[in-house]
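Me: I am new to this structure and should like to learn how to read it. Might we begin with the way its chains are related?

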2 protein chains.
Amino acid sequence: MTARRPGRRPGSADTRGEILVAARKEFAEKGFDKATVRGIARQASVDPALVHHYFDTKVGMFVEAMRLPINPETFLPTILEGPREEIGRRLVRMILTLFAEDASRQSALGLIRSVMTNEESVGVFREFMTNVLLYRVADELGVPRIRTELAFAQMFGVIVGRHILRLEPLASAEVDELVELLAPTIQRYLTG
Amino acid sequence: MTARRPGRRPGSADTRGEILVAARKEFAEKGFDKATVRGIARQASVDPALVHHYFDTKVGMFVEAMRLPINPETFLPTILEGPREEIGRRLVRMILTLFAEDASRQSALGLIRSVMTNEESVGVFREFMTNVLLYRVADELGVPRIRTELAFAQMFGVIVGRHILRLEPLASAEVDELVELLAPTIQRYLTG
């Protein structure tokens, strides 16, 4: 796991951080799908086994490298399991609650701002959002992909209106009130 | 109309442009509501009558100063007149069609990007969006203000997903298909 090879540095206090820096670079250059653990290890000058030691999956590494507030591998089961007729309520509540936490909100808003203004971030964000999240939900629910994108668009607009534009009364509204108003929209997109 | 006063410059080829520069500054400093034609004239070192000569209303001046793709004073009647039960369809089609035109889209996307990343733009954009557009529509339709903000959030997210993130199939979808999918959402928010 920590076997040394010539020219490869062993695990150190900040190896994990260095792997994340390398991962960010590799994801930006190659996109999510084409980036490989081997390539990231090469960028970081460490053994691929060391990358696997720190990060179980490429998705997990991407989540940390891009400072996503949530890992879709935890998010998806929470949304997809449970009654289908309440998927709208679950999804709206989960996203609004996530953005109510300072740390998650700060990192997510930073990502949103960078994606909106940086062509390189857009590409890797788009690929990840669609392949890892939106297309999977659509396929799992058996609905056209455009419907999960419209649900995403609704929630993206709500987050921007609430936390970046700070439109009132939206910015100060209680999560419960927003769930009542938004859940039927998301439900209709996701279950037709 | 073009009467000279000491220290005031008369209308010249680029007076209109200079008034817009001054307006942008005044709006950023004071916000939309508190900015005055008198203050803008002072910033531009011209007579207030000259400002009125070039711009009929403060809204019109704001629209040009902020390079908004559309004047709410034309937009609002188009949306509010006509059958109430088709307001969702009219609004969705109008916004998507607007963003299908290169010039409008470019200026609107520039504004969106600047608002997302610039605290000063946010304030003046928020005040204008709510007071001149969203609150007026809510009051006119007799629905709670948060509902017009959720409709705005849906369309804002669609525009970002389609033109900035360029999620497929959303980015390539026909306007007609999007009207079918989105109109019921907007209709529900606006007419309950």
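Reply: Copies are compared by a least-squares superposition on the C-alpha atoms of residues with pLDDT of at least 70 in both. The model is a predicted one. Here a turn of 180° with a shift of 0.0 Å along the axis lays chain B on chain A, at an RMSD of 0.0 Å. That is the relation of a two-fold axis.

Me: How many residues does each chain bring to the contact?

Reply: Chain B contributes 32 residues and chain A contributes 32 residues. On the side of chain B that touches chain A, helices H7, H8, H9 and H10 of chain B each supply at least two residues. H9(B) gives the most, with 13 residues. By class, this side of chain B has 20 nonpolar, six polar and six charged residues.

Me: Why may one say that the copies meet through the same surface?

Reply: Of the interface residues of chain B, 97% are also interface residues in chain A, so the copies meet through the same surface.

Me: Within chain A, how do the axes of helix H9 and helix H10 cross?

Reply: The axes of H9 (residues 145-164) and H10 (residues 175-191) of chain A come within 8 Å and cross at roughly 160°. Angles over 145 degrees count as roughly antiparallel, and that crossing therefore makes H9(A) roughly antiparallel to H10(A). The crossing of H9(A) past H10(A) is left-handed.

Me: Which residues meet there?

Reply: Those in H9(A) include A:Leu150, A:Ala151 and A:Val158, and those in H10(A) include A:Leu182, A:Ile186 and A:Leu190. The residues of this contact divide into seven nonpolar, three polar and one charged.

Definitions and conventions:
Residues numbered from 1 in each chain as written. Chains lettered and ligands numbered in written order. Predicted model: local features only at pLDDT ≥ 70, side-chain atom pairs only at ≥ 80, totals over all residues. Axes fitted to C-alpha atoms, helices over the stretch in contact; angles between N-to-C directions. Helix = DSSP H or I, 4+ residues; strand = E, 2+ residues; numbered from the N terminus. Parallel < 35°, antiparallel > 145°, perpendicular 65-115°, else oblique. Left-handed = near helix turned anticlockwise from the far one by under 90°. Contact = placed C-beta atoms within 7 Å. Nonpolar A, V, L, I, M, F, W, Y, C, P; charged D, E, K, R; others polar.
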